[in-house]
Amino acid sequence: PNRTLFAKQLRELKQSSRFKSEGLIAILCLDLDRFKLINDGLGYQAGDRILIATAQRLQANIDSKAILARVGADEFAIAFKTLEDTTDVIAVAQKLERELAIPFQLREQDIFTSVSIGLALNRIDEDFQPEELLQASHTAMFKAKASGKSRHEVFATKMHEQALKRLQLEADLNQAIINQEFELYYQPIISFTTGMLSGFEALVRWQSPTRGFISPGAFIPVAEETGLIVPMGKWILETACRQMQEWRKEFPQAESVIMSVNLSSRQFAQPDLVAQIKEALSTTELNPGNLKLEITESMVMNDVKNTIVLLNQLKELNIKISLDDFGTGFSSFSYLHRFPTDTLKIDRSFVVNMSQGVKTREIVSTIVILAHKLGMDVIAEGIETESENEILQNFDCEYGQGYLFATPLSKLDATHLLAQNKTW
Ligand code: C2E
Ligand code: MG
Ligand code: MG
């Protein structure tokens, strides 16, 4: 089928879906990357064979009801109906990307190809012109090519802006992992007793070439939902461990500095978490005693029994554990003493409100007492003012973290700080 037939079939699909109100019509526009190279290098006959093989591969990997056509020289279009949940559409695009990355065999030679995919979506209950929708997918495909081949981009018409943004974020996030657009920053944690640096918290940053700086609050939840947090979390863990070991080798004063790494709930639920951590430690040669994992109340309260087993396994390795954002989740006090946690981090929201009322100060001092009774030390998060600092030190809180001391620092700035042997 060519472009004309595709448009005709798309009109028919539109007609047949007229009375349905839910779902989307998705169009994928696929363009082979470097096809000209194959034509020029191996001849038109070889080019033709690749085109036929591509069409066959596409046909084999799409739903039987989907419409497939060749709409340009090395360009294919696929149209299908899908649910409102756009993850399905992305999954189809990703599958085709993978399938077409498998080399073609031609004259006993492996020919490597890749595709750029543009994606256009239209709600079934909203009117559209087939040609316009195809054009939109074409535009998106060009955008995908322009921003580096072998990827996909989304172009949606008449869709909720929110859904579109989210979809594009997922696609970009996926690409960001491949392109290694993440960077770790390190925020100092200060000992109140010595005034010295006692640790760093590794905080991930995404510097996107198209979006600029994106804060973890905006992309960690998306990475969680899509599962991208798993490869990302591995990278974070290993990078933080490697960095800490580098600093320990370079600076004697970094010997006993502890690197804290945040774990997300999805990572925490991974059956091979302990193995992953062991591997990160062994490849980076970091002493387990220099690693602390930050988990949240909701993560441990989800499945108390298994969490205790898991945390004990981590403790056996001599890794430390922090309970992050304490006070914002739903801790059950009856369980708290059963978790082998070393540190409790008082959430910033309490620290901020301390100056506003006696009650919050009372809560904070009570949390510190509770932690001490349970054998944990305390880090207060988000200290911004001298007066907050003073109150917390009077409460016998051991450690502080916040802009008053230092913001999260790039690797370079954190290295400078170690070199200066700064105290507070
Ligand atoms: P968190 O683990 O509670 O990290 C502390 C957050 O408070 C950081 O925000 C830090 O920049 C910010 N902060 C520190 N001191 C101050 C202060 O004095 N004032 C204010 N206003 N903020 C302060 P960030 O880096 O934006 O991270 C937000 C959250 O995203 C983190 O909260 C953590 O839950 C998550 N996150 C960050 N990096 C990672 C990561 O590598 N892995 C995972 N799973 N989650 C991460
Ligand atoms: Mg944290
Ligand atoms: Mg926190």
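This short talk goes through a metal site, a helix contact and some aromatic pairs in a predicted model.

Let me begin with the metal site. The magnesium ion that is ligand 3 takes its protein donors from Asp-324 (OD), Asp-325 (OD) and Glu-381, the last of these appearing twice through OE, and the donors lie 2.1 to 2.5 Å from the ion. Read along the sequence, the spacing of these donor residues is D-D-x55-E. The site also reaches a second ion, since Asp-324 bridges the magnesium ion (ligand 3) and the magnesium ion (ligand 2), with 3.9 Å between the two ions. Distant parts of the chain are linked here: Asp-325 sits in strand E13, residues 320–326, while Glu-381 sits in the loop between strand E15 (377–380) and helix H16 (386–394), and 56 residues separate the pair. As for their surroundings, Asp-325 is partly exposed at a relative accessible area of 26%, whereas Glu-381, at 11% relative accessibility, counts as buried.

I turn now to a pair of helices. Helix H2, residues 35–42, and helix H3, residues 44–60, have axes that come within 6 Å and cross at roughly 140°, and that angle makes H2 oblique to H3. On the H2 side the contact is made by Phe-35, Ile-38, Asn-39 and Leu-42, and on the H3 side by Tyr-44, Ala-46, Gly-47, Ile-50 and Leu-51. What is the character of the residues in the contact of H2 with H3, nonpolar, polar or charged? They divide into seven nonpolar and two polar, with no charged residue.

Finally, the aromatic rings. The structure holds seven aromatic pairs, and one of them is formed by Phe-182 and Phe-219, which is tilted, with 5.7 Å from centre to centre and 40° between the planes. Because Phe-182 lies in strand E8 (residues 182–191) and Phe-219 in helix H7 (residues 216–226), this pair ties together parts that are 37 residues apart in sequence. Phe-182 is buried, with a relative accessible area of 9%, and Phe-219 is buried as well, with a value of 0%.

Another tilted pair is that of Phe-200 and Trp-247, whose ring centres are 5.0 Å apart and whose planes stand at 40°. Phe-200 lies in strand E9 (residues 197–208) and Trp-247 in helix H8 (residues 229–250), so this pair ties together parts that are 47 residues apart in sequence. Both Phe-200 and Trp-247 are buried. Returning to Phe-182 and Phe-219, ring pairs link these two residues and Trp-206 into a cluster.

Definitions and conventions: Residues are numbered from 1 along each chain as its sequence is written. Chains are lettered from A and ligands numbered from 1 in the order in which they are written. This is a predicted model: local features need pLDDT of at least 70, side-chain atom pairs count only at pLDDT 80 or more; totals for chains, interfaces and linings use all residues. Side-chain values use heavy atoms; hydrogens and water are left out. Donors are N, O and S atoms within 2.8 Å of the metal (3.2 Å for Na, K and Ca); water is not among the atoms, so sites may look incomplete. Helices (H or I, at least four residues) and strands (E, at least two) are DSSP runs, numbered from the N terminus. Buried means under 20% relative accessible area, exposed over 50%, partly exposed in between (1.4 Å probe, protein chains only). Axes are lines fitted to C-alpha atoms, for helices over the stretch in contact, and angles run from 0 to 180 degrees between N-to-C directions. Angles under 35 degrees count as roughly parallel, over 145 as roughly antiparallel, 65 to 115 as roughly perpendicular and the rest as oblique. Contact means heavy atoms within 4.5 Å. Ala, Val, Leu, Ile, Met, Phe, Trp, Tyr, Cys and Pro count as nonpolar, Asp, Glu, Lys and Arg as charged, and the others, Gly among them, as polar. Rings of Phe, Tyr and Trp (its six-membered ring) pair if their centres lie within 6.5 Å; planes under 30 degrees apart count as stacked, over 60 as edge-to-face and the rest as tilted.
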